[in-house]
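Visitor: I would like to go through some labels given to parts of a structure and hear the reasoning behind each. Could you put it on screen?

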Amino acid sequence: MPFHSQIPQPPALPFIGNVTYLDRELPIQGFALLAQQYGEIYLLDILGRKVIVLNTQELANEVSNDAKFRKGVIGSLDEVRYISGDGLFTAREDEPNWAIAHRLLMPAFNTMAVRDMMEDMRDICSQLLLKWERFGPDHVIDPSDDLTRVALDTIALCSMSYRLNSFYTENQPPFAASMTEFLRECYIRSTRPSLVQALMTGTNAKWESDAKFMTDVATRILNERKEKPIEKKDLLNTMLYSKDPKTGQGLSDDTIVKNLLTFLIAGHETSSGLMSFMTYYLIKNPEIMRKLQNEIDEVLGGQPVQYQDLSKMPYLTAVIRETLRLSPTAPMRMVQPLEDTYLANGKYFVKAGASLLVNTWVYHKDPKIWGEDAQEFHPERMLNGKFEALPPQAWQPFGFGIRGCIGRPFAWQEVSLVMASIVQKFDLSFVDPTYNLELKQALTVKPKDLFIRATPRNQAPHFHPTASILKQVPQSSATVSKHARAGALRPMYIFYGSNTGTSEAFAQRIANDAPSYGFAPELGSLDSATGHIPTDGPTFICTASYEGQPADNATRFIDWISNLQSSELRGVHYAVFGCGNSDWTQTYQRIPTLIDETLEQRGGVPLIPRGAGDSSQSDFFDVFDQFTNDLWTTLTKVYSTVQSESQTPAFKVEINSGTDRPTALRQSDAALGRVIENRILTAPGYPVKRHLEFELPKGSTYRAGDYLAILPQNPPRNVRRVLAHFGLSSEHTVTISSVSPTFLPVDRPVSLAEILSGYVELSQPATTHDLRTLIDATTNDAVRADLNELKISYQDLVLSRRISVLDLLEKHPHEIQLDLATYLRMLPPMRIRQYSISSSPLWNAEHATLTVSVLEEESLSEGKIFLGVASNYLSELVPEDRVQMSVRASAAAFKLPEDPEIPLIAYCAGSGLAPLRGFIQERALQKISGRKVGKVLLFFGCRDPEGDYLYSTDDLAEWSKLGVVEVRPAFSSFPERSKGCKHIQDRLWADKEDVVDAFNNKAHSFICGSNQIAKAVRKQSVEILRVFRPDLDQTQAAKELESVLKGRFATDVFD
């Protein structure tokens, strides 16, 4: 026997093998992570059944050969045979009914036959469009549910002229419900030991009941047709009356029923999943949505889709192809070799009858075929002959060969019609603009928890506030009290683009103040203004740039205004305030500037010059305060309003003395992570850094380098301070009413302690606006003088010393007469904190770790201890605590290269090690699994090798021994123990030859840490370049460095 390589296999457990590597709810995630770890091929033992998994185009192409391999009907497909038997989808090769049905039905699915089904397809599609139109733009839509109804009703009407009428029931139709439960149980049964399955009598009875119900429906359809024949040439008549041209045989009633069930299962599952994924990708990529809308508008001219139109929309075709590449709804297929054979040019030996699983979900993203951006959605890769030039079987969402999908023309026409009609008629948006794709799996794969809104195009918008905290925060977080509606006030529209909450908080400030200046505010995200900015009142926009890109809830708006052509915004009167950090010189204020200039170019009228707040400067809040003063001065003049002197407050807080406790306002169990471990990494006497491990909320997925967004709570000490100042207890409840939109719960009793703990920021330094409010709240001349002095020397006396409003109230407890309502209005909403995940999903796909610096230091405010809100919240957690969290994707560039052999150069200090630890851990696991990996050159800064050299005695030591990482430390307190280098830029200079060697080997570079570290590393890199290029001056070297690092350098910088 010739030499061959052993197929790698993860460590197995007795009896159950490798089943623990596969999530029972979402097995494709486990298959994908194992492919990332083991590479092109691996072996799994699933309860004694051996499966070989193929993960590359080359291997998929090799087994796509009907002469050497046949379809494998095992696992969940074998369970589906309980109702579909030898139907087209689940038949085995040697079953004669499959061949007869295949020959009879192939002509029924040809292009001409499918074209004749167009009007029946349109009939069902129109029911979907009518539903979305009637329910209106505020209705929350589950597209997977509605598109499943479309697909199921379409296949029923077109194949058997039977109406399931799924759109005439509020809940899921009984047939669809039974099918969903049956298919889900089919997969689960395939993963259970037979003995365990036999003991689950209740589950077995439900599964059999669902199967019987579906079989009875199919049998009834058949019997009704036999009793009342029709002349329509549908699939049911073909099966009833046609004879096989080869054998002369027809199909029995039993076989017809099994094929009817096959059509209903296979004919709707994949199509509905494809349309659901397509909906997600179009909303997630507004520029692609716009291109598709333009093509559809140009081709259709406002008329319904006709068959002949479909061939005139190449971009629609490209979007469908790219959706099927990135998210094939049938993610895997099984084949079996007819005889012993070798794969990969003799590298791997497989026996006849072995189970080979073609992992379409993974190999459709093979970077050798699709490039480093294989994980991204780019329909352009399917245009201009690129699709036709692909290597064989690089794109295979419909299976292969004689057992490939017989209904492909049907599905393609159906999806094209439905999606073109939706895009023609509606603007779609996420209910949660931060939503990232989550998956659910039964027989096929679909998006999980995808909720959208559909607004008829060219209709005035409905503004939807979107909390920049977590998706689990209910949308009531920006509400107006029903008891405090605005009277005869002028409309004002306030929009924000915000990921972290600062711009949203500023927008909330404007909304809070608007009623007192004669305006009735409407508050919403920028995306909610896409397509129409109102002209019947002023518009205020507050937004930020994130590495030059818009916030998650502003992407659609930016794409829309960027593609306006003339004076579409005539009549819009607006003001823009931008938040940014001038340290990022190339992208500073890019999005606010773009909005301001574009609105004016397209006919809008600026009310005042654009404001620019620089968070790197001490006057950040001061600048916003001055901007708001100018804004209100201008608005009262332009709109002839006056500042109200009424004593009737627009924001009220009624204190209740009872002990009623409402249910949790902000969290649900589905969004709660669980604490597994919380340990200190540093020695006593050193600033505390902690390692925390969480079990993620169910369904969460992440990649190395991503963030975990945490919604913290204020330290209990600070909550008690507020309660004590106002003479209240933790048992008090309050009822809030507000004229303007507010993030606080309104019109119901809520625990005051809960509001203070989780809804507002108690520790943020007082702004100059806050100081003016406090000055107005005291008549004591000495206190007024003191507060005025703070306002004059704001940077030195307030901002740098972190003096909060609470600090000032405690300093002057009797002199400042501030009521609770005014105090709560002054406080900004609680912001999320994003922490880089410090683990790899290859280590544990359901768990993630954080590496956190705990901020607890002496405050300059009267000797108090300042506690960082989020870090102290995390530091006090204990195992089994629940934490509200969400995975957020990091910047696109801050990811490991798709090719694990590319070396890395990494720079960090302290807890900045977090994402780099995840990168190194992933490389280590890949190497342990037998893959070749590039080495990581890690420059790490800390104080003391014995005090805060994080992970040095465990993980880093182990991975260094493995040959995955070389750590080049810089100890600021003991430079003699790090080659005389005090900081990482010093160590970079000392080891510059190694860095240059790694760079010449195509290394990618990453920096994680403070902006100061990033600047120091960049500056030193320029000097290193000048050593090797002495002809360059510093400016030239900086430009040259930027050029050579393009595409190979990424930062994750924080301050």
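Guide: Gladly, and keep in mind that this is a predicted model. Let us begin with Trp-412, which has a relative accessibility of 21% and counts as partly exposed.

Visitor: Why is Trp-412 called partly exposed?

Guide: Buried requires under 20% and exposed requires over 50%. Trp-412 has 21%, so it falls in between.

Visitor: And what makes Phe-398 buried?

Guide: The relative accessible area of Phe-398 is 16%, and the cut-off for buried is under 20%, so the label applies.

Visitor: How many aromatic pairs does the structure hold?

Guide: There are 35 aromatic pairs. One of them joins Phe-398 and Trp-412, with 6.4 Å from centre to centre and 55° between the planes.

Visitor: Why is the pair of Phe-398 and Trp-412 called tilted?

Guide: Ring centres must lie within 6.5 Å to pair, and stacked needs planes under 30 degrees apart while edge-to-face needs over 60. With 6.4 Å the two rings qualify as a pair, and their 55° fits neither of those classes, so tilted is the label. Phe-398 belongs to the loop between helix H16 and helix H17, whereas Trp-412 is in helix H17, 14 residues apart.

Visitor: What makes the pair of Phe-919 and Phe-1006 edge-to-face?

Guide: Here the planes are 65° apart and the centres 5.1 Å apart. The angle is over 60 and the distance is within 6.5 Å, so both conditions are met. This pair links helix H30, which holds Phe-919, to strand S32, which holds Phe-1006, across 87 residues.

Visitor: Are Phe-919 and Phe-1006 buried or exposed?

Guide: Phe-919 is buried, at 1% relative accessible area, and Phe-1006 is buried at 1% as well. The cut-off is under 20%, so the label follows for each.

Visitor: How do you know that Arg-325 lies over the face of Trp-370?

Guide: Arg-325 is 5.0 Å from the ring centre. The distance limit is 6 Å, and the charge must also be within 35 degrees of the ring normal. Lys-131 offers another case, with its charged end 5.8 Å from the centre of the Phe-135 ring.

Visitor: Finally, what makes helix H7 mostly covered?

Guide: In H7, 17 of its 18 residues are buried. The helix reaches 25 Å from its first C-alpha to its last, close to the expected 26 Å. At its N-terminal end, Asp-142 acts as a cap, with a side-chain oxygen 3.2 Å from the backbone nitrogen of Ser-144.

Definitions and conventions
Residues are numbered from 1 along each chain as its sequence is written. This is a predicted model: local features need pLDDT of at least 70, side-chain atom pairs count only at pLDDT 80 or more; totals for chains, interfaces and linings use all residues. Side-chain values use heavy atoms; hydrogens and water are left out. Helices (H or I, at least four residues) and strands (E, at least two) are DSSP runs, numbered from the N terminus. The expected span of a helix is 1.5 Å times one less than its number of residues. Buried means under 20% relative accessible area, exposed over 50%, partly exposed in between (1.4 Å probe, protein chains only). A polar contact is a pair of N or O atoms within 3.5 Å; within protein, one must be able to donate a hydrogen and the other to accept it, and residues adjacent in sequence count only if both atoms are side-chain atoms. Rings of Phe, Tyr and Trp (its six-membered ring) pair if their centres lie within 6.5 Å; planes under 30 degrees apart count as stacked, over 60 as edge-to-face and the rest as tilted.
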